[in-house]
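Let's take a walk through a protein model together, one piece at a time. Keep the picture open beside you and look for each residue as it comes up.

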Number of protein chains: 2
Amino acid sequence: MGQEEIRRRNVGTLLRHVHLGGSVSRTALSERMSLNRSTIMALIAELTAAGLVREELPPGTGRAGRPSLVVRPEASRVYVLAFDVAVDRLVAARVALGGGIVDRREAVRPRAGADLERVVEVLARLGRGLHRAAPRDAICVGVGASYCGMIRPGDGMVRFGPDMGWVDQAFGAELGRRLEIGLPVRVGNEAHLGALAEQQRGAGVGLRNLIYLHGDVGVGGGIIVGGKLLDGESGYGCELGHMVVNPYDGRPCGCGSHGCLEAEVGERALLDAAGRPAELFGRDAVRTVVDDADRGDPAAQAALEHVGDWLGIGVANLCNLFNPGMVIFGGTLREMYPGAAAQVRARIAANVLPVARERVRLRVSALGDDATLVGAAELGFSDLLADPLGVLARTAS
Amino acid sequence: MGQEEIRRRNVGTLLRHVHLGGSVSRTALSERMSLNRSTIMALIAELTAAGLVREELPPGTGRAGRPSLVVRPEASRVYVLAFDVAVDRLVAARVALGGGIVDRREAVRPRAGADLERVVEVLARLGRGLHRAAPRDAICVGVGASYCGMIRPGDGMVRFGPDMGWVDQAFGAELGRRLEIGLPVRVGNEAHLGALAEQQRGAGVGLRNLIYLHGDVGVGGGIIVGGKLLDGESGYGCELGHMVVNPYDGRPCGCGSHGCLEAEVGERALLDAAGRPAELFGRDAVRTVVDDADRGDPAAQAALEHVGDWLGIGVANLCNLFNPGMVIFGGTLREMYPGAAAQVRARIAANVLPVARERVRLRVSALGDDATLVGAAELGFSDLLADPLGVLARTAS
């Protein structure tokens, strides 16, 4: 690796620490990056000159002693656009360097007739609106999108979008074209991005091995192994929702198989178990079952326990396979989990080898409904953090 | 990273290419390592002076033109001791730099009364015999052992050895003490080592994502994700044998649960399905069922198909989770697989999402019964390959 490449990486790493840490002292940066103080100061000077960070006194100082300056991201000047295409809604946000969501807009996602054209049109309108509303001197450095389907790495092609039956739709390219801001759109699967978001800013900060389960109509997964998202041979790993847990008596699954984890613990499984009418669906219907269970409704409690047992089988299998430090429940599973936790814990105790369960913690998503959006924003920042000065030069030109 | 560290890594990387490649030209080394010819020649000179490699004319040359020299490992001078503690046998081997098994000894593993002391005594006797039989000028640079249980990373403690009921037995330390050759014993789980061996020298050479299933009494797994063995938070991942596939009607498993993959496809499941008496067990009994099926025995064929369907469910789940480039069947599964392949392929077709199965190949182990032993030898070489000159200096002193 040449000097120039090392310098570029160091600039990116420092910006990442500031972006994720919010406010970091020179001393902390020096320790975390194992670089001496003068090298750190030179890197900070470069990023300051580029308008990406600034140094200031930490809040609450100004009294005795000489307080150390802290480095903060230039949040008001640098941002990305982030999009979240969920099964039931379309969200767009302007997210500042440092991770703050500074502006957001939502639209209901139509259940029917939502072809690529229509979805992209709505998203692009929201995105252009956010872009126009940004301060004049602010720079958009990237665009990230979360999609509830299987995404081809590299070009944002939706290989399979089960909710709308999309197959090989050029979502990323189309959204980029319609946004008309001259930036490529990075696209990721919603559960993958949720996992990364929880690891970077949520319940799993600092963990190198975690599993994120995202519930909506189905159940998606993002699995982080040794600090990296598991992608597999072509980017389509982590499909824990299609792990068959109930092969001979299983409910039919949208994938064509039956007894998949998502068929047993997804939205429909819970609503059916609770005896809710078939025309009810969506987040609100799930919340109603959870609320009823909290109020003591035995049918709703039994439904959560029934689904919780299947969820426990799935989570136990994942613990045996991945020996994770944490399992995080997101999406609608975040709301279902507390009423199903006893079943999940019992299955882990019964099915996971003792040494593999010693260190696992079970948590609900700390980012809640924003986990996928936050993940999309981080994807949008990824080019900048890989090469801050290069991206800035390209964006400004 | 300092100059000295870069140099040490380059020396190790070059030796690894020669060790795994057998015979590599300077040009190929230069290309694979992205280093110029003079740097490569300096590295070769260092390794040659240390007696780890030599340069020679490739075989069959000596005619027209100026043939390029090839670099070969000093196989007759440098070796490791490798041990394989399987459920039914104890194997020890002297394995030369370059990977050739130059001497091997076996003992039957007693089924009862095999406490740590007894097993280590037999292994140490085999190992000392191999060491004594080595040429006088040969150097032992490491010791590796494969064990059929869960191993604590770092110190070779057997956390759980299901076949003998071992819990927290200091296997690596004890074997090191009894060998009396002044080297630590690196210990790994047999299926983990089988996976690495298949990736380095077997069916999966060059693949970055593969799954190795190892059948004996149970079913172990080694899963390589992004080029690295999945270890998880504390080193106990990959336990695919305890993935529950048959939660409500499952056979009891040695782990205390039931319906685990290993309960449905392990040795006992096959023998029971084939109607073999309960007193039969082991590799030979499995081979008899496979042979009978090959000869057209309908009961044996049906048994393989029955087990194959469960195996298919397990493999399909793994494909959805890991999107592997290859699934490799080793141990007794190597023999069972051909008679069960149709069921496995049918389950993959039915249960794995199309994009996740596009690139998966199914193979039997290329290293056969030696996969775990070869993996143990590679573990033994790992210190040398990380720092060749340092290890040699320490070993010689």
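**Two chains and their salt bridges**

Let's start where the chains meet: between chain A and chain B there are two salt bridges. One of them pairs Glu358(A) with Arg159(B), and their closest N and O atoms sit 2.7 Å apart. Keep in mind that what you're looking at is a predicted model. Why would two side chains like that get together? Side chains of opposite charge can pair when their charged atoms come close.

Salt bridges aren't the end of the story at this interface. If you look for polar contacts between chain A and chain B, you'll find 24 residue pairs. On chain A's side, the elements that give two or more residues to the surface touching chain B are β9 (158-161), β13 (219-225), α10 (298-322), α11 (332-351) and α12 (354-357). Which of these gives the largest share? That would be α10(A), with eight residues. Sort the residues on this side of chain A by type and you get 25 nonpolar, twelve polar and nine charged.

Now for the contact as a whole. Chain A puts in 46 residues, and chain B puts in 46 residues too. About 3,900 Å² of area is buried between the two chains, and carbon and sulfur atoms give 58% of that. Within chain A, the residues that lose the most area to chain B are Glu233(A), Leu321(A) and Leu353(A), which together make up 19% of what that side buries.

How do the two copies relate to each other? Give chain A a turn of 180° and a shift of 0.1 Å along the axis, and it can be laid on chain B with an RMSD of 0.1 Å. The two copies are therefore related as by a two-fold rotation axis. If you want to find that axis from chain A, go to Val245(A): its C-alpha is the nearest one in the chain, at 2.8 Å. The same surface does the job in both copies, as 100% of the contact residues of chain A recur in chain B.

Time to step away from the interface and look inside the chains. Over all chains, the salt bridges come to 60. Take the one between the side chains of Arg89(A) and Glu106(A), at 3.8 Å from N to O. Arg89(A) is in strand β5 (residues 89-96) and Glu106(A) is in strand β6 (residues 101-108), both of chain A, so this pair ties together parts that are 17 residues apart in sequence. Are the two partners buried or exposed? Arg89(A) is buried, because its relative accessible area is 11% and buried means under 20%. Glu106(A), at 44%, counts as partly exposed.

Over in chain B, have a look at Arg287(B). Its side chain meets that of Glu335(B) in a salt bridge of 2.5 Å, N to O. This pair links distant parts of the chain, with Glu335(B) in helix α11 (residues 332-351) and Arg287(B) in helix α9 (residues 282-294), 48 residues apart. Arg287(B) is partly exposed, at 27% relative accessible area.

Arg287(B) also meets Asp369(B) in a salt bridge, this time at 3.2 Å from N to O. Asp369(B) is in the loop between β16 (361-364) and α13 (371-386) of chain B, 82 residues away from Arg287(B) in helix α9. Asp369(B) is partly exposed as well, with a relative accessible area of 26%. Finally, hop across to chain A, where salt bridges that share partners join Asp88(A), Arg283(A), Asp284(A), Arg287(A), Glu335(A) and Asp369(A) into one network.

Conventions: Residues are numbered from 1 along each chain as its sequence is written. Chains are lettered from A and ligands numbered from 1 in the order in which they are written. This is a predicted model: local features need pLDDT of at least 70, side-chain atom pairs count only at pLDDT 80 or more; totals for chains, interfaces and linings use all residues. Side-chain values use heavy atoms; hydrogens and water are left out. A salt bridge is a side-chain nitrogen of Lys or Arg within 4 Å of a carboxyl oxygen of Asp or Glu. Helices (H or I, at least four residues) and strands (E, at least two) are DSSP runs, numbered from the N terminus. Buried means under 20% relative accessible area, exposed over 50%, partly exposed in between (1.4 Å probe, protein chains only). Contact means heavy atoms within 4.5 Å. Buried area is the accessible area (1.4 Å probe) that two parts lose on being put together, summed over both. A polar contact is a pair of N or O atoms within 3.5 Å; within protein, one must be able to donate a hydrogen and the other to accept it, and residues adjacent in sequence count only if both atoms are side-chain atoms. Ala, Val, Leu, Ile, Met, Phe, Trp, Tyr, Cys and Pro count as nonpolar, Asp, Glu, Lys and Arg as charged, and the others, Gly among them, as polar. Copies are superposed by least squares on the C-alpha atoms of residues with pLDDT of at least 70 in both.
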